[in-house]
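This report describes the cavities, the ligand site and one helix of a single structure. The sequence and coordinates are shown first.

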Amino acid sequence: MNIQSKLAILADAAKYDASCASSGTVERNSRAGKGVGSTSGGMGICHSYAPDGRCISLLKILLTNFCLFDCAYCINRSSSPVARARFKPEEVVKLTLDFYKRNYIEGLFLSSGIIQSADYTMEQLVEVARSLREDYDFRGYIHLKTIPEAAPELLALAGRYADRLSINIELPQDQSLVLLAPEKNAGTIRQSMGVLKNGIDEYKDNKKSAKAIKSLTPAAGGSRFNHAGPVRRRAKVPIYAPAGQSTQMIVGADSSNDKAILTTAKGLYQGFQMRRVYYSAYSPIQHASKALPAMSPPLMREHRLYQADWLLRFYGFSVQEIAGGATRPNGMLDLDIDPKLAWALANRQLFPININRAPKEQLLRIPGIGAVGAQRIINARRFKVLRFDDLVKCKISVKKVAPFVETLDFNPHLNTLDSHNLRQQLMVSNNKWAPEQLGLF
Amino acid sequence: MEFVIENFTQWRNYSRALLLEGIAPEQVSFTIPHGSGDLFGSPIDSLSLTREIKLSGALKKVNGKPLGISREFMRQAYWVGHHSSAQRWQLLYSLAWRQIYQDKKLLQNPVDEQVALFHRLLKAVSRDHHKMKAFVRFQSIGEFSGEGKVYQAVEIIEPEQLHVDGARHKYGGRSNQSKPCKVMAAEETEHFVAWFEPDHAILPLVAPFFAKRFSSMSWSILTPHECVHWHQEQLVFTQGAARPPLPEDKTEQLWLQYYASIFNPARVKVNAMQSEMAKKYWKNLPEAQLIQTLLQRASSRVDVMFRLGNADKGK
Ligand code: SF4
């Protein structure tokens, strides 16, 4: 089979994985190196976008789609009649370098079906990363999907070459895993996540203490030599997955509700310091297992989960506030409106919030105001007491925020906040909420 | 007083003198060279990795007198200086003057009209910069023996002919004509060429990124305003070029295959794609030629999935 045919099969098999991020690693470049590659230390670059709206940042492929396991939701499971292929490690290395040199990608995201044994498969994945780093001095991004059943030594080796490691949690609840992926084990998955976490923590600690030692050295920051002779440079800290670990959860393949999904996610963020939890709407696959629904992927649900995830991590919301209690008694996010708006509508008594007086945490709770907008408001109010049209200058959508805010010259009509139709009205995109006398539009 | 500004250094030098004298923005007028289209007027203000531009301090202190301009503003002004807007130099002077004589913290005020405009221009330039880093596509034009070969419109010249300083005299200078671009290629070295059309004349801003990322390669990026060449040591800028016909690069076929295969037809989201990869970029992105076909075939592919999915369930 030629490379192009293999690529067709093994990229197709990888397209269900939501992750494509190439962010959060250390800064590197290829000056004074033999190979190519650089990373920014912050966000990676999205080099293209597929018509499914997803960013293409990494060459995302499987080493092979042969698999011993039979996970019901997976196109590669042993009982699926799909075409199979297998790359040699050196073929993946070449493909990565050839793509990278043409500026198509930021690096490689390599995953694999399980062949022979978990250890053997993991060894093959690690070999690709090793060769890229050691044989070709590749300094771009590498993300390795880790086989949870593989030996801890192999996980340690993977972290030496990869920027990011990930193990998929797969399903939101352990019982679902028992039903749909009988060969997998939730305990093993968490255990391996723990191994990765320890490696990552240790790397971070080493980096910190190396920095501390450096700042104690008398000639630090200045010349490497002083009258006492050459100052020893700090020992190099062995790298371990500097971009941390992430995981993915399939949404809609089992019956878990959004509250259960977000609770699991929260646990993963807290327990393993995940950099990201990806939500992947279950996509229909050819020859799907009987156990699964043949339906369009629940894309809107996936979108709302990402929004909710954001609120959990950066806006100080709890799972109960956005997916439970009075806001969502059935534990499912509202598909028609975003979770922050849904929360605000269920808690109308807390509004309007005064733009000129509210602390940042409170500004962040206003639907339509994000982190950037909140900061702009805080900056602007150092200069003057804000009027309604100053919000426009802060680039805030007044249409969205009008029912929830109070400024020097504006107070939403009491009956606006009480109106039972508010939800309906906010769903319809119109200018109703802009006070006409201000002539904003 | 009217000043015709060709590049950032020039603006900085004039501004320094005027600011020291306390000349108010209303009394001066900064314009761009007459008759030069906004874009093509940008001259070659070359910089290399080895000569990092020193912006801070330049306006900060003159003859021991502190001018109170932040380093941050100068860094951002350097970027805004690459915008194609004809008003950019006037705006920068105005903001500099107001920071010194009116309000040191001016830039933190998001509701000031000029500050808002400044940030709009800055954003446009940094977006252009970001998209250029993402969407430049190199093509291998193979190896050359270095004997002044011409590949179709791409004329290959030897590195010795193109030393940094000499190069600017020889090939540099402003020109509205789009001539074939001379590409420097070393002996026995694979050379990569990219054609790109940024909205603003940002090549000097973005070239160091490519030099750091692809330091061990030899490459050229050609744009209508100017071109840059890297031969593993220095960035060399030459005049703008016309789009060159490039030879076929076999790897591109694999890239198209990848693009087609990684697309999931069950999740079509055209708007999401287009908001990040606007149509204006498509003509220079090889993979964009597939979009139409992929979309047309998507729904029938999904039907097959459902059918096969359901058919199995009957068994
Ligand atoms: S082990 Fe991985 S590749 Fe194999 S069937 Fe399960 S999910 Fe698919």
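The sections below treat the cavities, the ligand shell and a helix in turn.

## Model and cavities

The structure is a predicted model. Its cavities of 30 Å³ or more number 8. The largest cavity holds about 650 Å³ of space. It is lined by 40 residues, and those closest to its centre are A:Tyr73, A:Cys74, A:Lys145, A:Asn168 and A:Glu170.

## Lining of the largest cavity

Sorted by class, the lining comprises 21 nonpolar, 10 polar and 9 charged residues. Four strands of chain A each contribute at least two residues to the lining of the largest cavity: E5 (58–62), E6 (107–111), E11 (245–251) and E12 (276–281). Strand E5(A) provides the largest share, with 3 residues.

## Ligand shell

Which space does the ligand take? The ligand occupies the largest cavity. Around the ligand are A:Cys67, A:Phe69, A:Cys71, A:Cys74, A:Arg77, A:Gly113 and A:Lys184. By class, this shell consists of 4 nonpolar, 1 polar and 2 charged residues.

A:Cys74 belongs to the ligand shell and is also among the lining residues closest to the centre of the largest cavity.

## Helix H4

Helix H4 of chain A covers residues 152–161, and its buried residues are A:Leu154, A:Leu155, A:Ala158, A:Gly159 and A:Tyr161. Viewed down the axis of H4(A), the buried residues fall within an arc of 165°, so they line one face of the helix.

Key
Residues numbered from 1 in each chain as written. Chains lettered and ligands numbered in written order. Predicted model: local features only at pLDDT ≥ 70, side-chain atom pairs only at ≥ 80, totals over all residues. Heavy atoms only, no water. Near = heavy atom within 4 Å. 1 Å grid on protein atoms, 1.4 Å probe; cavity = no way out; pocket = protein on both sides within 12 Å on 5 of 7 lines; lining within 4 Å. Sits in = over half its atoms within 2 Å of the grid points. Nonpolar A, V, L, I, M, F, W, Y, C, P; charged D, E, K, R; others polar. Buried < 20%, exposed > 50% of the residue type's maximum accessible area, 1.4 Å probe, protein only. Arc of directions from axis to C-beta. Points joined across faces, edges and corners; volume = space filled by probe spheres on them.
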